[in-house]
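Visitor: I'd like to walk through this model with you, pocket first and charges after. Can we take it one question at a time?

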Amino acid sequence: MFDVQSIREDFPILEKGVIYLDSAASSLTPEQVVLKEMEFYREYRANVERGVHRFSRMASEEYEKAHEEIARFIGAPGVENLALLSNTTEGINLVANSLDWSKEDKIVNTVIEHHSNFITWLRVRQRHGTKLEVVRSTPEGFFDLADFEKAIDDSTKLVAVTHVSNVLGCIVPIKEICEIAHEHGAKMLVDGAQGVPHIHTDVMDSKVDFLAFSGHKMLGPTGSGGLYIAEAELASTEPLCIGGGTIADVSLDDYVLAVPPMKFEAGTPNIAQVIGLGEACRYLNRVGMDNVEKWDLKLANRLIEGLTEIEGVEVYGPKDPRQRVGLATFNIGDMNPHDVALTLDTEYNIAVRSGHHCALPLIKELFNLKEGNARASTYIYNTLEEIDALVSAVEEIARD
Ligand SMILES: Cc1ncc(COP(=O)(O)O)c(C=O)c1O
């Protein structure tokens, strides 16, 4: 049974009285995750996979258990398929730097991407002359699969698409796009930064080749995230950095990389953060991702319905909450969205984000908004009453 009030007890930061609606930027962290991180510092603070002393053994064991938990959480077949990195951005850059690009290759991307999954490909184009085709959506964030059929051809090496837009909240049909990519021998990379926290993820079902995600958006610590790498890509995928921890053997003339995932995790890793992310996955599993999805839909429903009914307020993204996650961007007349966010914070204790949300192509191409918009984004600890409080605050600001 999903009980938001008992979930809220796990987040003491909520006692400060702030209505936190900025989880798409970074979620809050439950006490269980904070304590698990502290356990590392207090009980077995040591490096991992290096020493034989007891602290090192304990830290390594917890670090490995976290790998297993996180891999299971996204449906990866094994820990070797999961490189634990700092965030989504690092995962996407790892893929961009690993693939062997030429002028003949094509990358297919979309207009709704976060900069992390956009400028990375612009840079590949600048460096290697690779072709880049950007598939456009409707202003709500809907795609016509026929546009992907047209854009993806036999020269396409990679299709890089987000699962959920951090501006429109829309859910992109990644499984269908992945099928088209694979028909042409292209690989499929999914930006899971907003998808993994909200939607049950199963990489074996979607059959994607790469999935990058951020732990800090799914109750985990900052500095935690991962990249799923499909079995067929494991041998050819190159680490972003190499060094201590990534090798099987080194001589004066040569080196042999370790087996995955170790070959991807160079240097001393984010040990406490990885252990914390493992705990965050355990927490989400206890809540149940089906409950997370159901609550998300309720919050999205209330949010979209409430905001769209206010005169003078424009809400972006799909009108049907079933086609989105609990995230809505909006503008109040021609008010600067930063002023809206500041007023919500200082006068109503409500935290939302404002600006272009690191998605300038979307903001410019689809809406031509100079200052962007304001964004309210929810997670499992938000209540319907909090959404109502936001809606009446926006109503008041719009009236004044
Ligand atoms: C859709 C999307 N992709 C990528 C990112 C980048 O995530 P990170 O900053 O954790 O690397 C974000 C962060 O807001 C995002 O929303």
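Guide: Here come some questions and answers on the ligand site, the buried acids and the salt bridges.

Visitor: Before we start, what kind of model is this, and how are residues numbered?
Guide: It's a predicted model, where local features need pLDDT of at least 70, side-chain atom pairs count only at pLDDT 80 or more, and totals for chains, interfaces and linings use all residues. Side-chain values use heavy atoms, with hydrogens and water left out, and residues are numbered from 1 along each chain as its sequence is written.

Visitor: How many residues are around the ligand, and how do they divide into nonpolar, polar and charged?
Guide: A residue is near the ligand if one of its heavy atoms lies within 4 Å of it. There are 14 residues around the ligand, and those that come nearest are Thr-89, Asp-191, Gln-194, Ser-214 and Lys-217. Asp, Glu, Lys and Arg count as charged, while Ala, Val, Leu, Ile, Met, Phe, Trp, Tyr, Cys and Pro count as nonpolar and the others, Gly among them, as polar. The shell divides into two nonpolar, two charged and 10 polar.

Visitor: How much of the ligand does the protein bury?
Guide: Start with the polar atoms: an oxygen of the ligand is 2.6 Å from an N or O atom in the Gln-194 side chain, and a ligand oxygen is 2.6 Å from an N or O atom in the side chain of Ser-214. On its own the ligand exposes 400 Å² (Shrake-Rupley method, 1.4 Å probe). The share of that buried by the protein is 89%.

Visitor: Which side chain makes a polar contact with the side chain of Glu-265?
Guide: Glu-265 sits in the loop between strand S10 (255-257) and helix H10 (271-287), helices (H or I, at least four residues) and strands (E, at least two) being DSSP runs numbered from the N terminus. Glu-265 is buried (under 20% relative accessible area, 1.4 Å probe, protein chains only) and has no salt bridge (a side-chain nitrogen of Lys or Arg within 4 Å of a carboxyl oxygen of Asp or Glu), with the nearest side chain of opposite charge, Arg-50, 8.5 Å away. A polar contact is a pair of N or O atoms within 3.5 Å; within protein, one must be able to donate a hydrogen and the other to accept it, and residues adjacent in sequence count only if both atoms are side-chain atoms. At 2.7 Å, the partner is Tyr-63.

Visitor: And Asp-209: which backbone nitrogen lies 2.7 Å from a polar atom of its side chain?
Guide: Asp-209 is also buried without a salt bridge, and Lys-187, the nearest side chain of opposite charge, is 6.1 Å away. Its side chain makes a polar contact with the side chain of His-182 at 2.8 Å. The backbone nitrogen in question belongs to Met-188.

Visitor: How many residues apart in sequence are the parts tied together by Arg-282 and Glu-69?
Guide: Arg-282 forms a salt bridge with Glu-69, with the closest N and O atoms 3.3 Å apart. Arg-282 lies in helix H10 and Glu-69 in helix H3, so the pair ties together parts whose separation in sequence is 213 residues.

Visitor: Is Arg-72, which meets Glu-69 in a salt bridge, buried or exposed?
Guide: The side chains of Arg-72 and Glu-69 meet at 3.3 Å, N to O, and both residues lie in helix H3 (residues 54-73), about one turn apart. Exposed means over 50% relative accessible area. Since Arg-72 has 54% relative accessibility, it counts as exposed.

Key:
Lys and Arg count as positive and Asp and Glu as negative; His and the chain ends are not counted.
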